[in-house]
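Trainee: I have a new model open and no idea where to begin. Can you walk me through it?
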Amino acid sequence: MDIASSSLSQAHKVVLTRQPSSRVNSCSLGSVSAIGFSLPQISSPALAKCLRKQSSSGFVKACVAVEQKTRTAIIRIGTRGSPLALAQAYETREKLKSKHPELVEEGAIHIEIIKTTGDKILSQPLADIGGKGLFTKEIDEALINGHIDIAVHSMKDVPTYLPEKTILPCNLPREDVRDAFICLTAASLAELPAGSVVGTASLRRKSQILHKYPALHVEENFRGNVQTRLSKLQGGKVQATLLALAGLKRLSMTENVASILSLDEMLPAVAQGAIGIACRTDDDKMATYLASLNHEETRLAISCERAFLETLDGSCRTPIAGYAAKDEEGYCIFRGLVASPDGTKVLETSRKGPYVYEDMVKMGKDAGQELLSRAGPGFFGN
């Protein structure tokens, strides 16, 4: 078992037991009466007696057999070590193998785990430790320095600027962008009693929750991977939490969902549900591989949303949401939102136009300019 698969299979199992509720709302995944989960089983070639080491550079290395495989690999994929990040890296690997026969051979693709600043510091809210690039900086450095060939990111973690010498030419098909409500005692935010505590590390979620449900409280330093957050919920640290439905689907953990929030109730983060893959600007071979995986409809939607975010100069201290999608007539529909951190003020806007790159980027920028003008100085309290 290689180091990435080992990280997944050895993660602890958590079982949540739902308490009775007077009524349970139905959602597209069905109602839930008892919920539990385990990590997805991801197969990979076995490597017996592999020793795991942590180097000072932050790269997780394994035994000599793995290091030799790394040197001979055609593609070295860089990723974070969380179960979700690994699931996304394995999804990328499988898509590459399905498109390119030469990558099917054992060892042709190697996954390199890189620990990021966002993974190392869990005791403070994201807004207090820097914001942009917390989950990408070290992976980008590994890419630029040639330690890896491609980098797999959750697109909502990627800053609106890219480091020099890198490009991001590929987005995989987007998953469901909505947020999922997870709770042991209620089926929706509306059912939570006044004073209930909802855990989230997202100011976007916090502001929208408090705007619609001011009687609730939000614990905003509710950090960690999906498994950690569900363990905290089970332990009673909070009464409920919200998680991206896309991540739960990729981890095969949708049985934990009590209900799914509509886009009207909770507009998603910019690029939520999308995977982005970067390579070096001068690496034509990798760019060709990635071109074969790119889902253009997703790439254009993400470009629109990121233009909106860039115009607002959004950071982890700024509650911002944005979503672009193709409607039944083939047009781009964009919705954008900014809010005060306490949720007392929420400003929204929308656009419709051709589903073409230039038009969509223009829509995103124009929507951002409108909300900047409407918000005025000091709106975000910065």
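Mentor: Start with one helix pair. Helix α10 passes helix α11 in a right-handed crossing. Keep in mind that this is a predicted model.

Trainee: Where are those two helices, and at what angle do they pack?
Mentor: α10 covers residues 296-312 and α11 covers residues 357-375. Their axes lie 7 Å apart, at an angle of about 30°. Angles under 35 degrees count as roughly parallel, so α10 is roughly parallel to α11.

Trainee: Which residues meet there?
Mentor: On the α10 side, they include R299, L300, C304, F308 and L312. On the α11 side, Y357, M360, V361, K365 and L372 are among them. By class, the contact has 12 nonpolar, five polar and two charged residues.

Trainee: Switching topic. How many residues does the largest nonpolar core have?
Mentor: It has 33 residues. I148, M155, F308, C332, V338 and M360 have the most contacts inside it. F308 and M360 also take part in the contact of α10 with α11.

Trainee: Which elements supply at least two residues each?
Mentor: α5 (137-144), α10, β15 (320-326), β16 (331-339) and α11 do. α10 gives the most, with seven residues.

Trainee: What does C332 touch?
Mentor: Leaving out residues up to four places away in sequence, C332 touches C304, A324, A325, R351, K352, G353, P354, Y355, M360 and M363.

Trainee: And what about a second core, which residues does that include?
Mentor: There is a separate one of 22 residues. L172, M286, Y289 and L293 are among them.

Trainee: Let's stay on Y289. Where is it found?
Mentor: In helix α9, which spans residues 284-291.

Trainee: Is Y289 buried or exposed?
Mentor: Buried. Its relative accessible area is 7%, and buried means under 20%.

Trainee: What is Y289 in contact with?
Mentor: Setting aside neighbours within four places in sequence, Y289 contacts I74, I75, L96, H100, E102 and L103. Take L96. Y289 and L96 are 193 residues apart in sequence, but 7.4 Å apart in space, C-alpha to C-alpha.

Trainee: Now zoom out. How many helices and strands are in the protein chain?
Mentor: The protein chain has 11 helices and 17 strands. It has 382 residues, and 54% of them count as buried.

Trainee: What share of contacts join residues at least 24 apart in sequence?
Mentor: 70%, among contacts in the protein chain between residues at least 6 apart in sequence.

Notes: Residues numbered from 1 in each chain as written. Predicted model: local features only at pLDDT ≥ 70, side-chain atom pairs only at ≥ 80, totals over all residues. Heavy atoms only, no water. Axes fitted to C-alpha atoms, helices over the stretch in contact; angles between N-to-C directions. Helix = DSSP H or I, 4+ residues; strand = E, 2+ residues; numbered from the N terminus. Parallel < 35°, antiparallel > 145°, perpendicular 65-115°, else oblique. Left-handed = near helix turned anticlockwise from the far one by under 90°. Contact = heavy atoms within 4.5 Å. Nonpolar A, V, L, I, M, F, W, Y, C, P; charged D, E, K, R; others polar. Core = buried A, V, L, I, M, F, W, Y, C linked by side-chain atoms within 4.5 Å. Buried < 20%, exposed > 50% of the residue type's maximum accessible area, 1.4 Å probe, protein only.
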